[in-house]
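Here are my notes on this one, as promised. Have the viewer open while you go through them.

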Amino acid sequence: AHQHTAPAPSARWDWPLRGRPRVLRGFAPPAQPWLAGHRGVDLAAPPGTEVRAAGAGTVGYAGPLAERGVVTVLHADGLRTTYLPVQPSVRRGQRVGLGEAIGVVQDVPGHCPAACLHWGLLRDRLYLDPLLLLGRGQVRLLPVWPTHREHAGHP
């Protein structure tokens, strides 16, 4: 059950954009890992907006992925934050501090009706709501289906 515990919000985390960005689309994980869903949050951000590391860590990836720039930062406790579409200003293996610039929002159509930053959080391969880092998210894990005995109608 360890991997289902939510990360504790603390002063180690902050928004990946300056100020309090507007959340355009929240975290809506799919009921099954292979189904479509929204595995992060979209924050309003015009192209060219500076993107910052939401927490200290090491850059795990910085480069193109499916025709858009992606930056991934590896943090303590097996946590990993992802940022896209971002034109990276960092490279793989580089240490970054909380709030340090990691790139700028790219002008890539498709993901959002208006320009946005898609911010994701994973623990190992489990997607979590990145707003949990700021004490604002919802813990929404995959549904637990009732056992046959619980819904068979027996008293």
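The points below go from the overall fold to the strand pairings and then the core.

1. First, a caveat: this is a predicted model. Read everything below with that in mind.

2. On secondary structure, the tally is zero helices and eleven strands. Walking along from the N terminus, you meet β elements from start to end.

3. Some whole-protein numbers for your notebook. The protein has 155 residues, and 38% of them count as buried. Its accessible surface comes to about 8,900 Å², with 55% of that belonging to carbon and sulfur atoms. Taking contacts between residues at least 6 apart in sequence, 62% join residues at least 24 apart.

4. Now the open sheet of three strands. Its order is E3-E9-E7, and the pairing is antiparallel. Strand E3 (50–52) and strand E7 (86–88) are at the edges with a single partner strand each, so each has one side without a neighbour in the sheet. From one strand to the next, the twist averages 40 degrees. If you want to check the E7 to E9 pairing, there are three bridges between these antiparallel strands; glutamine 87, for instance, has valine 104 in E9 as its bridge partner.

5. Strand E4 (residues 57–65) deserves a look too. Antiparallel to it runs strand E8 (residues 95–96), joined to E4 by two bridges, and threonine 58 has arginine 95 of E8 as its bridge partner. E4 also runs antiparallel to E5, this time with seven bridges. Within that pairing, valine 59 stands opposite valine 73 in E5.

6. What is the phi of alanine 66 in the hairpin of E4 and E5? It is positive, near 50 degrees, and the hairpin has two residues between the strands.

7. Then the largest nonpolar core, which has 28 residues. Those with the most contacts inside it are Val51, Val71, Tyr83, Val96, Ile102, Leu117 and Trp119. Strands that each supply at least two core residues are E2 (41–44), E5 (68–74), E6 (79–84), E9 (101–105) and E10 (116–123). E10 gives the largest share, three residues. As background, nonpolar side chains tend to be buried together in soluble globular proteins.

8. Last, zoom in on valine 96, one of the core residues with the most contacts there. Which residues does valine 96 touch, leaving aside its neighbours within four places in sequence? The contacts are Ala53, Gly55, Ala56, Gly57, Val59, Val73, Val90 and Ile102. Two of those names, Val59 and Val73, are the residues standing opposite each other in the E4 and E5 pairing.

Note on methods. Residues are numbered from 1 along each chain as its sequence is written. This is a predicted model: local features need pLDDT of at least 70, side-chain atom pairs count only at pLDDT 80 or more; totals for chains, interfaces and linings use all residues. Side-chain values use heavy atoms; hydrogens and water are left out. A nonpolar core is a set of buried Ala, Val, Leu, Ile, Met, Phe, Trp, Tyr and Cys residues joined through side-chain atoms within 4.5 Å. Buried means under 20% relative accessible area, exposed over 50%, partly exposed in between (1.4 Å probe, protein chains only). Helices (H or I, at least four residues) and strands (E, at least two) are DSSP runs, numbered from the N terminus. Contact means heavy atoms within 4.5 Å. Two strands pair if DSSP finds at least two bridges between them. Axes are lines fitted to C-alpha atoms, for helices over the stretch in contact, and angles run from 0 to 180 degrees between N-to-C directions. Accessible areas come from the Shrake-Rupley method with a 1.4 Å probe; for residues, only the protein chains shown count as cover.
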